[in-house]
Amino acid sequence: MAEAAGEQPTRVWNRTAAVSARHAQAHGTSAVANLAALHDCVLVAMCLPTSSVSKSVLERLVPAMTSSNAVILDHTSGNPLETQALADRVRELSGGRVTCT
């Protein structure tokens, strides 16, 4: 999995650190302890339980992101209208550098 992402290993963050650690052990990814460790990612895939959790994560992640033209794929089982509002908020927080779909 890590090789498919290119130069950097695939980084995994989870609200529960032990989950990220197990994923790293099983799949050869790199577990990270905090969202700031994802600052230079150009692609972030999220799968969270609700739109409100997605919002909380995005409010902390996006301001730390440094990559130009980064993309966040939100696979959360949330409210589609809230997801669209989150995409707008991501563009606002990032000054248009990050797209959320």
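User: Where is Asp40 found in this predicted model?

Analyst: Asp40 is found in the loop that runs between strand 2 (30–31) and strand 3, in a model that is predicted.

User: Why is Asp40 called partly exposed?

Analyst: The relative accessible area of Asp40 is 27%, and because buried requires a value under 20% and exposed a value over 50%, Asp40 falls in between and is therefore classed as partly exposed.

User: Which residues does Asp40 touch, leaving aside those up to four places away in sequence?

Analyst: With that exclusion, Asp40 touches Gln8, Arg11, Thr66 and Ser67. The C-alpha atoms of Asp40 and Met65 are separated by 5.9 Å, although the two residues are 25 residues apart along the chain.

User: Why does Asn69 count as exposed?

Analyst: Asn69, which lies in the loop between helix 2 and strand 4, has a relative accessibility of 65%, and because exposed means over 50%, Asn69 counts as exposed.

User: What makes the phi of Asn69 worth a remark?

Analyst: Phi of Asn69 is near 60°, a positive value in a residue other than glycine. Most residues other than glycine have a negative phi.

User: Why is helix 2 described as roughly parallel to helix 3?

Analyst: Helix 2 and helix 3 pack at an angle of about 5°, and their axes are 10 Å apart. Because angles under 35 degrees count as roughly parallel, helix 2 is roughly parallel to helix 3.

User: Which residues of helix 2 and helix 3 meet, and how do they divide by character?

Analyst: From helix 2 come Ser51, Ser52, Ser54, Lys55, Leu58 and Glu59, which meet Glu82, Thr83, Leu86, Arg89, Val90 and Leu93 of helix 3. The residues of this contact divide into 4 nonpolar, 4 polar and 4 charged.

User: Which residues touch the most other members of the largest nonpolar core, and which elements contribute to this core?

Analyst: Within the largest nonpolar core, which has 21 residues, Leu58, Met65 and Ile72 touch the most other members. Two or more residues each are given by strand 3 (43–46), helix 2 (51–61), strand 4 (70–74), helix 3 (80–94) and strand 5 (98–100), and helix 2 supplies the largest share, 4 residues. Leaving aside residues up to four places away in sequence, Leu58 touches Met46, Pro63, Ile72, Leu86, Val90, Leu93 and Cys100.

User: What is the confidence of the chain, and where is it lowest and highest?

Analyst: The mean pLDDT of the chain is 88, with 93% of its residues reaching 70 or more. Confidence is lowest in strand 5, at a mean of 84, and highest in helix 1 (residues 17–27), at 95.

Methods:
Residues numbered from 1 in each chain as written. Predicted model: local features only at pLDDT ≥ 70, side-chain atom pairs only at ≥ 80, totals over all residues. Heavy atoms only, no water. Core = buried A, V, L, I, M, F, W, Y, C linked by side-chain atoms within 4.5 Å. Buried < 20%, exposed > 50% of the residue type's maximum accessible area, 1.4 Å probe, protein only. Contact = heavy atoms within 4.5 Å. pLDDT = per-residue confidence, 0-100. Axes fitted to C-alpha atoms, helices over the stretch in contact; angles between N-to-C directions. Parallel < 35°, antiparallel > 145°, perpendicular 65-115°, else oblique. Nonpolar A, V, L, I, M, F, W, Y, C, P; charged D, E, K, R; others polar.
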